[in-house]
Amino acid sequence: MKKVLFFFAAALCSLFLSCKKDDANLEPVVDIDGNEYSVVKIGDQYWMTQNLITTRYNDGTTIATGLSDSAWAAATTGAYSIYDDVASNNTIYGKMYNWQAASSGKLAPTGWHVPTRAEWTQLVEFLGGTSVAGGKLKSTSSLWNAPNTGADNSSGFNGLPGGNKSNLGLYVALGNTGYWWASSERNSTQGDYTSLDNSFASSASNGATKQFGMSVRCVKD
């Protein structure tokens, strides 16, 4: 009887420790500026459920901002912008970073990183593939313009339509489309990104000029 109780207690302890480990992985993440992000587990990955809003790299270096359109178009180092330079857009949608910032290896909080193309693909495949993953990743918020096709946010990712800033400095697609950088390079002039659109239940991946500004969502190391 003592042996049975011992093994039962050991099993409970193991289960408890396992739960505690999962709980720890789901604890909010804090960036170097003190901004807090909630976390969701999707498949074997842990993702932030908000877009990044940090003004500094994780080594404390300030990220450039306030660039003129010509300086933005010519940037070869990291920079960020806020849609239409409106503070409430930063609060809701986060900042739009160029690919140089997203691929720097220093943008995410310690223990996290900007996902690679392979990690985005892993997320999409877990959710059933490109044809349906978009709806599972999109928030059901009224911030999305109608029809927000297929949106149910069943993944908990809470994707929002933050639009982007073009390489020429134009702000476009707020309310219609969300764009997120991958840290992967598509070619010498383009970085990889994933997008979600109000008109489709699917997700998409493509490449864009590295001077575009897009949202960043981080995944746990």
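## A hairpin of two strands

Two strands are said to pair if DSSP finds at least two bridges between them. In this predicted model, strand β3, which covers residues 39-42, and strand β4, which covers residues 45-48, pair in the antiparallel sense, and four bridges link them. One of the residues involved is Val40, whose bridge partner in β4 is Trp47. Between β3 and β4 the hairpin has two residues, and Gly43 in this hairpin takes a positive phi near 65 degrees.

Strands of a sheet pair through backbone hydrogen bonds, and the arrangement can be either parallel or antiparallel.

## The chain as a whole

The protein chain contains six helices and 13 strands. It has 221 residues, of which 45% count as buried, and its accessible surface comes to about 10,400 Å², with 56% of that surface belonging to carbon and sulfur atoms. When contacts between residues at least 6 apart in sequence are considered, 55% of them join residues that are at least 24 apart.

## An open sheet of three strands

Further along the chain, three strands form an open sheet in the order β10-β11-β12, and their pairing is antiparallel. The strands β10 and β12 (203-209) stand at the edges with a single partner strand each, so one side of each is left without a neighbour in the sheet. On average, neighbouring strands of this sheet are turned by 30 degrees against each other, if direction is ignored.

Between β10 and strand β11, which spans residues 190-197, the antiparallel pairing runs over six bridges, and Gly178 stands opposite Leu196 in β11. Helix α5, made of residues 117-126, lies across β10, β11 and β12, and this helix runs at about 130 degrees to β10.

## Gly175 in the loop before β10

Is Gly175, which lies in the loop between β9 (171-172) and β10 (177-185), buried or exposed? Residues count as buried under 20% relative accessible area, and Gly175 counts as buried because its relative accessibility is 4%.

Which residues does Gly175 touch, leaving aside its neighbours within four places in sequence? Gly175 is in contact with Leu143, Trp144, Asn145, Pro161 and Asn198. Another residue to look for in the structure is Leu160, which is 15 residues apart from Gly175 in sequence, while the distance in space between the two, from C-alpha to C-alpha, is 7.9 Å.

Conventions. Residues are numbered from 1 along each chain as its sequence is written. This is a predicted model: local features need pLDDT of at least 70, side-chain atom pairs count only at pLDDT 80 or more; totals for chains, interfaces and linings use all residues. Side-chain values use heavy atoms; hydrogens and water are left out. Buried means under 20% relative accessible area, exposed over 50%, partly exposed in between (1.4 Å probe, protein chains only). Contact means heavy atoms within 4.5 Å. Accessible areas come from the Shrake-Rupley method with a 1.4 Å probe; for residues, only the protein chains shown count as cover. Axes are lines fitted to C-alpha atoms, for helices over the stretch in contact, and angles run from 0 to 180 degrees between N-to-C directions.
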